[in-house]
Amino acid sequence: MAKRQLGLAEAFLNAQGASVRAASPLHKRARLSSSPAPASLSTAASSPQAAGTAPPVAATHGKGKGIALAVDTSGPSSPIAFASTLSTSGSPSEADLLALECTSVGPSWLEHLQSELRKPYFLELKRFLWREGLKGTQDRDKGTLKVFPPAHDVYAWSRYTPLQDVKVVILGQDPYHDDGQAHGLCFSVRPGVKIPPSLRNIYKEIKDEYPDFEVPKHGNLISLARRGVLLLNTSLTVSPHKAGSHSNKGWETFTDKVVELVDKHGGGGKGVVVLAWGQWAAKRVAKMDKKKHLILTSAHPSPLSARRGFFGNGHFKKANAWLKERHGDDAQIDWTTLDPEEDEAGLDKV
């Protein structure tokens, strides 16, 4: 049990350290340090636990490293507190099924999603993923990924774009299903991966609206996520080379809840811009408050539909005009500076 608790503690610390780095500007990210963790983080709880619940996860530092955290790790809604309530009965247990969520969902989102994660539909989704090969934080069989994106990237959107920072929402449908593409942000790929056709069309539209935009040679959109653009797929996983294979398994219900949270809290409660491209995306945001938010719809940027209403939609300039009017000059999104990043929100594999 002690080894398991230490492993969970290291996983939690790695996850929260990564979430701090992901949500912070490049020059303000938390630094790794060789100094001991603060006493409040390094003291493990010693009280006995009720039978059938997971032990509390102490945020101790491991392997000689400590991390200065900028998140509340001990409050009633913290990942530590959430993990301590999960049942360890059964195989896989609730604690097993939700290990990934405890260690990789951004704290600002996890605070509002804890009850959702324990609902029967979500646990059934996690059992399906377990059978598919995504077993908690483990996603490989003999070195081969069984589900895309890698486990540590499934919730990357939540770490790059904290709930309170959301200004714009862009909805995708499925993660990319070819090798090395998906990394938890819709339409985005890692540096070095060929730019997908839909993203090429997105770049073309940005160029038409902002002629000074220099179209990058990469498809990495992390910089937009850092600026408050929530890049959310409605299904968060997919089987390799099988488009749509995890649709209608429960992810849509979960991401509907994410959209509901944006509806309530996005833009500091004063509203956000939603770019809903294609009928699928428009359906996902149909219940949002249209008086509070700017909902922009058009055809999807896919080569199959881009010329039927995506090109020329003016969404990027319209978004900034609304953000400026509603929230001020500083709220506008820089759509034209897309610096690539590699693995900035990646978590240590545990």
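Student: How many helices and strands does the protein have?

Tutor: There are 13 helices and eight strands. Keep in mind that this is a predicted model.

Student: What share of the residues is buried?

Tutor: Of the 350 residues in the protein, 53% are buried. For the fold as a whole, look also at how far apart in sequence the touching residues are. Among contacts with a separation of 6 or more, 73% join residues 24 or more positions apart.

Student: Now the sheet. What is the strand order, and how do the strands pair?

Tutor: Read a sheet by its order first, then by its edges. Here four strands form an open sheet in the order β6-β5-β7-β8, and the pairing is parallel. The edges are β6 (229-233) and β8 (294-298), each of which pairs on one side only. On average, neighbouring strands of this sheet are turned by 20° against each other, ignoring direction.

Student: How many bridges does β5 make with β6, and how many with β7?

Tutor: With β6 there are five bridges, in the parallel sense. Strand β5 (residues 168-172) also pairs in the parallel sense with β7 (residues 273-277), over three bridges. To get the register, pick out individual partners. On the β7 side, V168 stands opposite V273 and I170 stands opposite L275. On the β6 side, V169 has L230 as its bridge partner.

Student: Are the faces of β5 covered or open?

Tutor: Check each face separately. V168, I170 and G172 are on one side, V169 and L171 are on the other, and all are buried, so both faces count as covered. That makes five of five residues buried in β5.

Student: Which helix lies across β5 and β6?

Tutor: That's α11 (residues 251-265), which runs at about 160° to β6.

Student: On to the core. What is the general idea there?

Tutor: In soluble globular proteins, nonpolar side chains tend to be buried together. In this model, the largest nonpolar core has 82 residues, and W109, Y155, W157, I170, F254 and W335 have the most contacts inside it. Helix α11 gives the largest share of this core, with six residues.

Student: Take Y155 from that list. Which residues does Y155 touch, beyond its neighbours within four places in sequence?

Tutor: Y155 is in contact with L100, E101, S104, V105, F122, L236, W251 and F254. F254 is another of the core residues with the most contacts.

Student: Here's a charged one: is E94 buried or exposed?

Tutor: Don't judge by residue type; go to the relative accessible area. E94 has 13%, which is under the 20% cut-off, so it counts as buried. E94 is found in helix α4 (residues 94-97). Outside the residues up to four places away in sequence, E94 touches T85, L86, S87, S89, R118 and L123.

Student: What about empty space? How much lies in the largest pocket, and which residues are nearest its centre?

Tutor: The largest pocket holds about 570 Å³ of space. Its lining has 32 residues, with Q173, D174, Y176, N233 and H300 nearest the centre. Then ask which elements supply the lining. β5, α9 (197-209) and α12 (279-284) each give at least two residues, and the largest share, three residues, comes from α12.

Student: And how many cavities does the search find?

Tutor: Searching the whole structure gives three cavities of 30 Å³ or more. The second largest has a volume of about 70 Å³. It is lined by 13 residues, and I170, L199, I202, L221 and L224 are the closest to its centre. Helix α9 provides the largest share of that lining, three residues. Notice I170 again, since it is also on the list of core residues with the most contacts.

Student: One last residue. Where does G278 sit, and why is it counted as buried?

Tutor: G278 is in the loop between β7 and α12. Its relative accessibility is 14%, so it falls under the 20% cut-off for buried. Leaving aside neighbours within four places in sequence, G278 is in contact with S298, A299 and H300. H300 also turned up among the residues nearest the centre of the largest pocket. For a link back to β5, look at G172: the C-alpha atoms of G278 and G172 are separated by 9.1 Å, though the two are 106 residues apart along the chain.

Methods: Residues are numbered from 1 along each chain as its sequence is written. This is a predicted model: local features need pLDDT of at least 70, side-chain atom pairs count only at pLDDT 80 or more; totals for chains, interfaces and linings use all residues. Side-chain values use heavy atoms; hydrogens and water are left out. Two strands pair if DSSP finds at least two bridges between them. Axes are lines fitted to C-alpha atoms, for helices over the stretch in contact, and angles run from 0 to 180 degrees between N-to-C directions. Contact means heavy atoms within 4.5 Å. Buried means under 20% relative accessible area, exposed over 50%, partly exposed in between (1.4 Å probe, protein chains only). A nonpolar core is a set of buried Ala, Val, Leu, Ile, Met, Phe, Trp, Tyr and Cys residues joined through side-chain atoms within 4.5 Å. On a 1 Å grid over the protein atoms alone, a cavity is a set of points where a 1.4 Å probe fits but cannot get out, and a pocket is an open set with protein on both sides within 12 Å along at least five of seven lines; lining residues have an atom within 4 Å of a point. Grid points are joined across faces, edges and corners, and a volume is the space filled by probe spheres set on the points.
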